[in-house]
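Visitor: I am new to this structure and would rather know one part of it well than all of it slightly. Please choose a single part, look at it closely, and then show me where it belongs in the whole.

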Amino acid sequence: MKPKAVLGLSGGVDSAVAARLLMEHYTVIGLYLSIGPESAGESDARKVAEELDIEFHTMDISQALEKHVKAPFAAEYLSGRTPLPCARCNPLVKFPSLLALAEELGAEHIATGHYARTAQGETGRTLLLKGMPANDQSYMLARLPQEILQRVIFPLGNYDKSTVREKAKAFGIPVAEKPDSMEICFIPDDDYAAWLNRRGASAPEGDFITPDGAVLGRHKGIHHYTLGQGRGLGISGPHRYYVSKIDPSANTVTLSDGSDLLRRDILCTSPNWISIPTLDAPQEVAARFRHAKTETPCTIAPTADGGVQVTAHTPVRAPTPGQLAVFYSGDSVLGSAWIDQ
């Protein structure tokens, strides 16, 4: 008898192909995670399960999403930070939900359609490895703890997106032509500010100022802006302006020519170590400070309060509080930490 695997079935192409590939070695159980009124993929997920003839379940995760993702998302924006909801959702909501059904049904494994890989390390820890370069999603998975990584399978880890699309057509997957979803699941129109307004969580208008305090004009509320932003500011002057500071206490947004956005020293908090049990000495790594594939050589060192001091060998543009710093050793994720200042 094949071992069981609970797969997150979203209704998209990636999870559908992951299901078909998993079926070669596992008894696959599909789980659609419903986020509430914004949910849009259940009918497609059910169609895929019927076509593949696999067991199908749904689970309402709306309350967990509100507690662990939506409420912190709103609070971060109102405190002048830029949140990263998918990186919070994966370890706190999505993967624990898959594990909960796996426990209930006696399934040994869980799986998703993420483009990443796992492997067993020499010390017995489960490693998180990059997927193929064009589609690697290890950045968004870098908060997963060992208890999840030990049981997860990523069937698409050795494929790129174009190959997965080809496989979807070859397998006769009913959603083979469905476009990819790039937005945050609970903000399908990608308008963060409007979503915050609907929650009654928007900030008041205030002043755009220069680094020396001169008023340049009025901003629409600090939740409309992120560090390094250069578009949609509505301010003209002798040069292009960029957001270089957001001060919620003064309700001001500082604009500059961007020359003050480069940083070498970055303080991070709440590390999640993956390939090592802890960071007990300085270490050379490559770091990503956004989910783009740009990596910067850095030295990381532990701080007295359990954080991580990052020293970039070349300046990093606008490392943004609320975003994630992910540390790599080759293809392996050493760990991650939240950018604080």
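Guide: Contact here means that heavy atoms lie within 4.5 Å of each other, and helices (H or I, at least four residues) and strands (E, at least two) are DSSP runs numbered from the N terminus. This is a predicted model, in which local features need pLDDT of at least 70 and side-chain atom pairs count only at pLDDT 80 or more, while totals for chains, interfaces and linings use all residues. Residues are numbered from 1 along each chain as its sequence is written, and side-chain values use heavy atoms, with hydrogens and water left out.

The part I choose is helix H6, which covers residues 161-171. A residue is called buried under 20% relative accessible area, exposed over 50%, and partly exposed in between (1.4 Å probe, protein chains only). In H6 the buried residues are Lys 161, Val 164, Arg 165 and Ala 168. Viewed down the helix axis, these buried residues of H6 fall within an arc of 100°, and so they line one face; the arc is that of the directions from the helix axis to the C-beta atoms. An α-helix has 3.6 residues a turn, so residues three or four places apart point the same way. On the face of H6 turned away from its buried side sit the exposed residues Glu 166 and Ala 170. Helix H1 (13-22) is included in what covers the buried residues of H6, and after H6 comes Gly 172, with a positive phi near 70°.

To place H6 in the whole, we can turn to the nonpolar cores. A nonpolar core is a set of buried Ala, Val, Leu, Ile, Met, Phe, Trp, Tyr and Cys residues joined through side-chain atoms within 4.5 Å. The largest has 45 residues, and those with the most contacts inside it are Val 6, Phe 95, Ile 110, Leu 128 and Phe 186. Among the elements giving two or more residues to this core are strand E2 (27-34), helix H3 (62-78) and helix H4, and H4 supplies the largest share, 8 residues. Apart from this core lies another, of 27 residues, among them Leu 21, Ala 49, Ala 168 and Ala 176. Ala 168 brings us back to where we began, as one of the buried residues of H6.
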